[in-house]
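Colleague: Please take one part of this model and examine it closely. I would value a connected account of its local geometry and its surroundings.

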Amino acid sequence: MVKAVYPGSFDPVTYGHLDIIERASKVVDELIVAVLVNSGKNPLFSMEERVEMLKEATREFSNVRIETFQGLTVDFAREMGAKVMVRGLRAVSDFESEMQIAQTNHSLNPDIDTMFFTTSLEYAFLSSTIVREVASYGSDVSQFVPPVVEERLKLKYQ
Ligand code: ADP
């Protein structure tokens, strides 16, 4: 039984994240999407809002659940009994920091390995930051995020 944790800020969840969630959910038995509480960033959406949007957007995947966590991802993974960490790679620019995170996590807990999914081409440029930026100018973000997120972004920026 392979249990995996997919950690991130998800501020907000995009079709890029959902692509990784869908693909990862097919190769593991259980996928825990873990929303980081104190990322040091100043989030647009509260933790509760980010969780609600993720729950709605992943309803169709029966082996995916949404949790929140504070502190080190490796500690959270250990608590959950997960030995695999899932991350997405968009471009070469992601590679350096992602490799650093994966190697740090592996030295903190040698039982844990990171599984990388390369992004689908149509989402290679997509990030939560870009989505927030586009939405803040009142532009249409329906090609980047699911309807539940689009609605919430409209409310934030109206
Ligand atoms: P963080 O704030 O830690 O970067 P994010 O929520 O932005 O967290 O991203 C979480 C994970 O999802 C990271 O591994 C990131 O590379 C991946 N990711 C984000 N956007 C995309 C995308 N468009 N395609 C594939 N992976 C993505």
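**The loop between strand 1 and helix 1**

Modeller: Phe10 is found in the loop between strand 1 and helix 1. The model is a predicted one, and every value below is computed from it. Two backbone features make this loop a suitable place to begin. In the first, Phe10, although not a glycine, has a positive phi of about 50°. In the second, the peptide bond that joins Asp11 and Pro12 is cis, with an omega of about 0°. Pro12, too, has its place in the loop between strand 1 and helix 1. As a general background, most residues other than glycine have a negative phi, and most peptide bonds are trans. As for its surroundings, Phe10 counts as buried because its relative accessible area is 2%, where the cut-off for buried is under 20%.

The two elements that flank the loop come next. Strand 1 spans residues 3–8, and helix 1 spans residues 15–27. On the helix side, Ile21 has its place in helix 1. Ile21 is classed as buried because its relative accessible area is 0%. From Ile21 to Phe144 the separation is 123 residues in sequence, while their C-alpha atoms are 15 Å apart in space. Helix 1 also holds both Lys26 and Glu22, which stand four residues apart, about one turn of the helix. The side chains of this pair meet in a salt bridge, at 3.6 Å from N to O. The two partners fall into separate accessibility classes: Lys26 counts as exposed at 62% relative accessibility, whereas Glu22 counts as partly exposed at 33%.

On the strand side, a salt bridge reaches a distant part of the chain. Glu30 and Lys3 meet through their side chains at 4.0 Å, N to O. Glu30 lies in strand 2, residues 30–36, and Lys3 in strand 1, so that the pair links parts of the chain 27 residues apart. Glu30 counts as buried because its relative accessibility is 15%. Lys3, with a relative accessible area of 21%, is partly exposed; that value is not under 20%, and therefore Lys3 does not count as buried.

Salt bridges elsewhere complete this picture. A search of the whole structure finds 13 of them. One of these is formed by Arg90 with Asp94, where the closest N and O atoms are 3.0 Å apart. Arg90 is partly exposed, at a relative accessible area of 39%, and Asp94 is buried, at 13%. Partners that are shared between salt bridges join Lys3, Glu30, Arg65 and Glu67 into one network, so the strand 1 residue Lys3 belongs to that network.

Strand 1 and helix 1 also meet in a further context, the largest pocket. This pocket has a volume of about 940 Å³. Its lining is made up of 39 residues, among which Pro7, Gly8, Ser9, Lys41 and Arg87 are the closest to the centre. Two or more lining residues come from each of strand 1, helix 1, strand 4 (84–89), helix 4 (92–108) and helix 5 (128–136). Helix 4 makes the greatest contribution, with seven residues. By character, the lining of the largest pocket divides into 14 nonpolar, 18 polar and seven charged residues.

Helix 4 leads from the pocket to the surface. Phe95 has its place in helix 4. Together with Val92 and Met99, Phe95 forms a nonpolar patch on the surface, and the three have about 310 Å² of accessible area together. Phe95 is classed as partly exposed because its relative accessible area is 43%, a value between the 20% and 50% cut-offs.

A last point of reference lies in the segment after helix 6 (147–157), which is the place of Gln158. Gln158 counts as exposed because its relative accessibility is 77%, and the cut-off for exposed is over 50%. Between Gln158 and Ser127 there are 21 Å in space, C-alpha to C-alpha, and 31 residues in sequence.

To return to the loop: its notable features are the positive phi of Phe10 and the cis bond between Asp11 and Pro12. The two elements on either side of the loop, strand 1 and helix 1, are among those that give two or more residues to the lining of the largest pocket.

Methods. Residues are numbered from 1 along each chain as its sequence is written. This is a predicted model: local features need pLDDT of at least 70, side-chain atom pairs count only at pLDDT 80 or more; totals for chains, interfaces and linings use all residues. Side-chain values use heavy atoms; hydrogens and water are left out. On a 1 Å grid over the protein atoms alone, a cavity is a set of points where a 1.4 Å probe fits but cannot get out, and a pocket is an open set with protein on both sides within 12 Å along at least five of seven lines; lining residues have an atom within 4 Å of a point. Grid points are joined across faces, edges and corners, and a volume is the space filled by probe spheres set on the points. Ala, Val, Leu, Ile, Met, Phe, Trp, Tyr, Cys and Pro count as nonpolar, Asp, Glu, Lys and Arg as charged, and the others, Gly among them, as polar. Patches are made of residues with over 30% relative accessible area and no salt bridge: like charges are joined within 9 Å, nonpolar side chains (Val, Leu, Ile, Met, Phe, Trp, Tyr) within 5 Å. Accessible areas come from the Shrake-Rupley method with a 1.4 Å probe; for residues, only the protein chains shown count as cover. Buried means under 20% relative accessible area, exposed over 50%, partly exposed in between (1.4 Å probe, protein chains only).
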